[in-house]
Amino acid sequence: MLAMPDLSASARPVVTRKDVARLAGVSTAVVSYVVNGGPKNVAPATQEKVRQAITALGYRPNVTARALKMGSSRILGMVVPKISSPFFASLAQAVEQAAEQEGYAMLLGDSRDSLTVERRHLSNFADRQVDGVFLCSVVNHRPEVSELDGRGIRTVLLNFSEYPLEGDAIGPEFVGSSRRAVEHLASHGHRDIALVQGFVTGNTLDGREFGWREALKGMGASEGRIFRCSFDRAGGYDAGRRFLALTERPTAVFITSDEQAVGFLRALHEAGLRVPEDVAVMSFDGSEESEFSWPPLSTVRQPVQQMAEAGVRAIIGTGRDEPPRTQVFDCELVLRRSCGCDEP
């Protein structure tokens with residue numbers, strides 16, 4: 001057995017590979033072979049001596065230094081507008097799990113719906129030499145990622161609605177999915193269908209609003225009413241209060257996120273309105289929150305796992321050697337009580 005050395009801070013504050021080699025009586029190259037599992041084989045008895053030395057010294061390989069020496073930090077970055085959002089929390093979790101399966105760690109930045117904070121996170125990731133960045137931008141039209149491009153850091157725009165001609169973009173089919181959701185409300189006999197739309201940064205319309213407009217046009221309905229608000233429960237609640245102030249209210253509402261829908265439902269409940277008997281509701285995202293609201297929300301479920309896995313492949317998987325491209329994923333209508341459907 002190896003003798004336990006003096007590990008006081010003054011005696012040896014930092015344990016190196018040379019220390020392990022000296023204690024085990026081998027070369028530093030042999031220590032490297034044991035730690036990395038190759039490339040050369042090491043005799044079992046020698047491996048055991050090295051492992052005992054590692055345990056005795058409390059040696060921990062410098063993973064970052066080793067990765068950078070190989071030309072990779074083995075770290076990815078991700079920026080989301082609001083980590084408290086159930087949807088973005090689930091998307092970040094799915095990306096992290098997909099990256100972890102490839103041996104990568106992930107840094108997460110919350111932009112707090114601020115373009116300034118978003119850019120600060122991106123600059124920080126660039127300085128840390130991450131291998132790639134997933135960006136859920138507060139801007140829905142061509143976010144600025146030139147600093148990352150200039151440093152050779154591949155960026156994937158996630159949950160992106162504009163689908164640029166250049167760069168990697170991955171997102172749900174916002175327009176068609178939203179149109180189908182509104183058409184489903186119409187199938188219950190509704191002709192006056194309002195929209196609760198989250199604020200967007202930029203001069204372009206959100207794809208969900210496009211889909212709503214297309215559905216109304218397709219069924220020959222007059223232009224519907226829009227209640228713009230923040231993408232959160234408080235925003236939905238405020239939109240609900242404004243909806244309730246109308247003398248003649250629409251009989252159905254399409255809402256651009258589950259979070260907003262939960263706030264909207266609260267306003268309806270406080271006013272004593274029944275869902276779906278008095279007002280039918282359909283939302284977008286398909287987060288777990290939608291299943292446990294009351295009544296359970298009918299919603300457009302985004303393919304979170306598919307989008308996350310596609311994003312990881314684009315940066316560190318089979319897609320990293322391919323030209324940047326846009327990938328659009330179909331969504332699923334999940335029909336529950338709030339639109340007038342019975343739960344399956």
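**S290**

I looked up S290 and found its place in helix 12, which spans residues 288–291. The model is a predicted one, and I read each entry below with that in mind. Is S290 buried or exposed? S290 has a relative accessible area of 0%, and the cut-off for buried is under 20%, so I noted S290 as buried.

Next I checked what the side chain of S290 reaches. I found the backbone oxygen of S287 at 2.6 Å from that side chain. I then listed the contacts of S290, leaving aside neighbours within four places in sequence: D258, P296, L297, T299 and R336.

**T299 and the strands**

T299 is one of the contacts of S290, and I followed T299 into the strands. Strand 10 covers residues 298–301 and runs parallel to strand 9, residues 280–285, with four bridges joining the two. In that pairing I found T299 of strand 10 as the bridge partner of S283.

I also looked up the pairing of strand 10 with strand 12, residues 332–334. Those two strands pair in the antiparallel sense, over three bridges. Which residue in strand 12 is the bridge partner of T299? I found V334. My note for T299 therefore has S283 as one bridge partner and V334 in strand 12 as another, next to the contact with S290.

**E259**

I moved on to E259, which is found in helix 11, residues 258–270. E259 has a relative accessible area of 7%; the cut-off for buried is under 20%, so E259 goes down as buried.

I looked for a polar partner and found R233: a polar contact of 3.2 Å joins its side chain to that of E259. Leaving aside neighbours within four places in sequence, I listed S85, P86, F231, D232, R233 and E289 as the contacts of E259.

**Helix 5 and helix 13**

P86 is among the contacts of E259, and helix 5 spans residues 86–101. I looked up how helix 5 packs with helix 13, residues 304–316. Their axes are 8 Å apart, at an angle of about 45 degrees. An angle of 35 to 65 degrees falls outside the roughly parallel and roughly perpendicular ranges, so I entered helix 5 and helix 13 as oblique to each other. The crossing of helix 5 past helix 13 is right-handed.

Which residues meet there? From helix 5 I wrote down F87, S90, L91, A94, V95, A98 and A99. From helix 13 I wrote down V304, Q305, M307, A308, E309 and V312.

Definitions and conventions:
Residues are numbered from 1 along each chain as its sequence is written. This is a predicted model: local features need pLDDT of at least 70, side-chain atom pairs count only at pLDDT 80 or more; totals for chains, interfaces and linings use all residues. Side-chain values use heavy atoms; hydrogens and water are left out. Buried means under 20% relative accessible area, exposed over 50%, partly exposed in between (1.4 Å probe, protein chains only). A polar contact is a pair of N or O atoms within 3.5 Å; within protein, one must be able to donate a hydrogen and the other to accept it, and residues adjacent in sequence count only if both atoms are side-chain atoms. Contact means heavy atoms within 4.5 Å. Two strands pair if DSSP finds at least two bridges between them. Axes are lines fitted to C-alpha atoms, for helices over the stretch in contact, and angles run from 0 to 180 degrees between N-to-C directions. Angles under 35 degrees count as roughly parallel, over 145 as roughly antiparallel, 65 to 115 as roughly perpendicular and the rest as oblique. A crossing is left-handed if the near helix is turned anticlockwise from the far one by less than a right angle, and right-handed if clockwise.
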